Amino acid sequence: MRRKILALCTALLLAFAAAPNAQRGDAGPVTAIVGARLIDGTGGPAVADSVILVSGDRITAAGPRASVQVPRGATVVNASGKTVIPGLVDVHCHLNQPADVMRKLLPVALNWGVTTIRMVGNDKPEIMEVYYDARAGKFPSPRVYTAGQGFNLTGPYPGAPTLKPATPEEARKGVQAHKALKVDFIKIWMGDKGFSPEVVAAIVDEAKKENIPVVAHIGNAGHVKQLAELGVTDFLHEARDGMNPEFIAYAKSKGLSFAPTLGQGQSRWYYYEHPEILAMDPKFDGFYARGRAMLNDPARRQQIMGAPDFAEQKQRFKDNNYPFIKMMSDAGVRIVTGTDCGAEASQTTPVGHTTHQEVHMFVEAGMPPANALRAATLDAARVLERTENPSYGSIQAGKIADLVVLNADPIADINNTIKIDRVMRAGRWVQ
């Protein structure tokens, strides 16, 4: 009996002794980012003097220095004078390129602080191996989602690698083939000369059966309602004819989200105006070779920038797009970042940098900086993970540690998002 009591007392003493160490985080290596201004991605107020603790791939604590204790033995990163935001998310990209080019461009996105990216529609079966390797950690990459080849009857450009089913039965087989390739989404392009309602319904229904979410390219409120009635909530581009109380109420009731895709539109002239971006360090070079050649062509630059209505073109772009963003976001309809980066049709929409440009344009359109950052982080993650509490997208305890350390405050000036000091992806600093 005495031996049992002694053993029990010994066990209790050992547990008591171990408990404080567990609370202090001594059980494993911890990184403590100390002194930064913290913008956590929720849209709430910034924390001026913060501590962020990271263990493994997770954030274990984040908040004011006064309330977060740095554990004994932690690796301390002095971030005084800097700002930390969550990793950026781009829900609308295309990298229809050879595998070696894609293995170059995905790390470029990561260097820009884009820690999550979704490819929507031009990924041929033979290129899926790149994504499998990225997920396995065989090369540095953002978290990557793919919709495979996508379903498009008329484009989006000549020779695009998309599926063109003529019947509901062919549509279902196309979805089943995507399931075998382990795609994350099914992409549908809607258009005035697009698929019949029966084919669209078959694609969505089969995707539901296979438990694959659907994302859709749309151009008007009719497209949105047709798909929303089938259960689709994730839309690329805008429904400009839906800027009215009736459609806004409908979008809110259905929980719809829109990625307006400003980046691709602006890139038609922006990078001709800013040739200095072409001279950046190679690790930030997100351009296709053909796109770079186009931007370096003096005759083409003159054609773009020398157009008699050049200033009017840029203003029309704002007039056509910004009201949708402001009206929807003000009403509480979810707007998220999705740039069309890497789009084959444009060639001049670089991976990485364009995501920042889209955030900047959200602010120019009237979104408060904190809301624009939430659109590019937590809200975009909510769209991709189909939950209000995604595993990444904000700097909160329990979330995956995707972080961007900036040298200046983006709330004071949203253009400061590109002043990147370092990037962390899933608890590891990007080299």
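Start by selecting helices α4 and α5: α4 passes α5 in a right-handed crossing. Keep in mind as you look around that this is a predicted model.

Now colour residues 168-180 as α4 and residues 197-209 as α5; their axes come within 8 Å and cross at roughly 35°. Show side chains next. On the α4 side, pick Pro-168, Ala-171, Arg-172, Val-175 and Gln-176, which make the contact with α5. Their counterparts on α5 include Val-199, Ala-202, Ile-203 and Ala-207, along with charged residues such as Glu-198, Asp-205, Glu-206 and Lys-209. Colour the contact by residue class and you will find seven nonpolar, one polar and five charged residues.

Next stop: a four-stranded sheet. Select β4, β3, β1 and β5, in that order across an open sheet with mixed pairing. At its edges you will meet β4 (58-64) and β5 (75-78), each paired on one side only. From one strand to the next, the twist averages 15°. Zoom in on β1 (residues 30-34) and β3 (residues 50-55): these strands run antiparallel, joined by five bridges. A handy place to centre the view is Ile-33, which stands opposite Ile-52 of β3.

Finally, move to the other sheet on this tour. Five strands make up this open, mixed sheet, and the order to follow is β2-β6-β15-β16-β17. Its edge strands are β2 (37-38) and β17 (428-429), each pairing on one side only. Inside the sheet, select residues 403-406 for β15 and residues 420-425 for β16, an antiparallel pair joined by four bridges. Which residue of β16 is the bridge partner of Val-405? Click across from Val-405 and you land on Arg-422.

How values were computed. Residues are numbered from 1 along each chain as its sequence is written. This is a predicted model: local features need pLDDT of at least 70, side-chain atom pairs count only at pLDDT 80 or more; totals for chains, interfaces and linings use all residues. Side-chain values use heavy atoms; hydrogens and water are left out. Two strands pair if DSSP finds at least two bridges between them. Helices (H or I, at least four residues) and strands (E, at least two) are DSSP runs, numbered from the N terminus. Axes are lines fitted to C-alpha atoms, for helices over the stretch in contact, and angles run from 0 to 180 degrees between N-to-C directions. A crossing is left-handed if the near helix is turned anticlockwise from the far one by less than a right angle, and right-handed if clockwise. Contact means heavy atoms within 4.5 Å.
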